[in-house]
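Work through the exercises below with the coordinates open. Try each task before reading its solution.

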Amino acid sequence: MVGLSVTGSSQAVCLQGVSKVFHSAGQDFTALKDIQIEIPSGEFVCVLGRSGSGKSTLMNMITGIDKPTAGEVIVHGVSVGGMSEDEMARWRGRNLGIVFQFYQLLPVFSLLENVMLPMQLAGKYEPLERVQRARMLLTQVGLADQADQRPDSVSGGEQQCAAVARALANDPPIIVADEPTGNLDSVSAGMVFEVFAALAQQGKTIIMVTHDDDLAAEAHRTLRLSDGELERDAVKS
C-alpha cells in the first residue's frame, strides 16, 4: 500500500491531532497529546523541550519510524500512515534526510564513500555522477579538502557536517535532525547550525531538535514541547 496522496496542502509537514500512547507493563504513557503543527517548505524549525517532553517521539512521527496512536501525519502531501516497512524505507530515502546526534558514519569508509552510500542504496545516479555529487555536497558543507579522510581523522564538527552531506545525498526536500549539535563544542555546533541555515535559504525544510536555546533563537521558528504537549509555537520576527 502506497501512502495516500493528500491534495490541497501547501505545507511540507502537517501533523493533525497527533497523539502517541505507549503501553508497558499494564501502564499507559502519553508521549504526545493532540499535536497540531503546520510547517511550510523552506522553514527552519527548532524543537525544544526537556528530556521526556516528546521531542524524539515527534521526530519519529515525522520520519515514519513510529506511527501515531491517533491523528495523521502528512509529509509533502503524502499521508505517511499505512505504508509497509519496505514502502516506508523507500519513501523515506527519497523524501527525508536524517541526521543523528552521534553521526553514524561508517568508520571503514572515507567521508566521500559515506556520502555516496545512500545514492548506491537507492540506486540513484550513475556511478561517476555519485562521486561528483558527493564531492559537491562535501564542498557545500566545507569539507572539500577532507573528502578522502576517514571519520576518525576529522573533528566531531566535521564528522557532523559530513553526516549532513550524507543526508542530502538523494536531494530530499526535508532534513530532520535529532540533537545534531548535542555532542559538539560550541564552535563546532555553530558551524553545523550555519550549514542548516544555508540549506534553509536554498529551500530545504529543516526540523531540528536541540537543547540549545541560543542556537534555536536563530531559527525561523521554535516549537517547545512540555509533557507531550505543544507549549509554545514562536516565529522569529
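**Exercise 1: the open sheet**

Strands E7 and E8 (residues 174–178) run parallel and are joined by 4 bridges. The model is a predicted one.

Task: place this pair in its sheet, giving the strand order and the edge strands.

Solution.
- Start with one bridge: Gly-97 is partnered by Ile-175 in E8.
- Extend to the whole sheet. It is open, has 6 strands, and reads E7-E8-E9-E4-E10-E11. The pairing is mixed.
- Find the edges. E7 (96–99) and E11 (229–235) each pair on one side only, which makes them the edge strands.
- Check the twist. From one strand to the next it averages 15 degrees.

**Exercise 2: helix H4**

Task: test the length of H4 against its number of residues, then find where its buried residues lie.

Solution.
- Take the 14 residues of H4, 127–140. At 1.5 Å a residue, they should span 20 Å.
- Compare with the model. The end C-alpha atoms are 20 Å apart, so the length agrees.
- List the buried residues: Arg-130, Arg-133, Ala-134, Leu-137 and Leu-138.
- Look down the axis. The buried residues of H4 fall within an arc of 135 degrees, so they line one face of the helix.
- Recall the general rule. An α-helix has 3.6 residues a turn, so residues three or four places apart point the same way.
- Ask what covers the buried residues of H4. The cover includes helix H3 (111–122) and helix H5 (156–167).
- Step past the end of the helix. Just after H4, Gly-142 has a positive phi of about 80 degrees.

**Exercise 3: two cores**

Task: describe the largest nonpolar core and say which element gives the largest share of it.

Solution.
- Count the core: 41 residues.
- Pick out the residues with the most contacts inside it. They are Phe-44, Val-99, Leu-138, Val-164 and Phe-196.
- Map the core to elements. Two or more residues come from each of E4 (44–48), H3, H4, H5, E8, H6 (186–201), E9 (205–209) and H7 (213–216).
- Name the main contributor. H6 gives the largest share, 7 residues.
- Zoom in on Val-164. Leaving out residues up to four places away in sequence, Val-164 touches Val-99, Val-141, Val-195, Phe-196 and Leu-199.
- Look for another core. A second, separate one has 28 residues, including Ala-12, Met-61, Val-73 and Leu-223.

**Exercise 4: the pairing of E5**

Task: name two strands that pair with E5 and give the sense of each pairing.

Solution.
- Take E2 (residues 11–24). E2 pairs with E5 (residues 70–75) over 5 bridges, in the antiparallel sense. Here Ser-19 stands opposite Ala-70.
- Take E6 (residues 78–79). E5 and E6 are also antiparallel, with 2 bridges. Ile-74 stands opposite Ser-79.
- Inspect the hairpin of E5 and E6. It has 2 residues between the strands, and His-76 takes a positive phi near 50 degrees.

**Exercise 5: positive phi in loops**

Task: are Asp-171 and Glu-179 buried or partly exposed?

Solution.
- Start from the general expectation. Most residues other than glycine have a negative phi.
- Note the exceptions. Phi is near 55 degrees at Asp-171, and about 55 degrees at Glu-179.
- Locate them. Asp-171 sits in the loop between H5 and E8. Glu-179 sits in the loop between E8 and H6.
- Apply the cut-off: buried means under 20% relative accessible area. Asp-171, at 44%, counts as partly exposed. Glu-179, at 10%, counts as buried.

How values were computed:
Residues are numbered from 1 along each chain as its sequence is written. This is a predicted model: local features need pLDDT of at least 70, side-chain atom pairs count only at pLDDT 80 or more; totals for chains, interfaces and linings use all residues. Side-chain values use heavy atoms; hydrogens and water are left out. The expected span of a helix is 1.5 Å times one less than its number of residues. Buried means under 20% relative accessible area, exposed over 50%, partly exposed in between (1.4 Å probe, protein chains only). The arc is that of the directions from the helix axis to the C-beta atoms. Contact means heavy atoms within 4.5 Å. Two strands pair if DSSP finds at least two bridges between them. Axes are lines fitted to C-alpha atoms, for helices over the stretch in contact, and angles run from 0 to 180 degrees between N-to-C directions. A nonpolar core is a set of buried Ala, Val, Leu, Ile, Met, Phe, Trp, Tyr and Cys residues joined through side-chain atoms within 4.5 Å.
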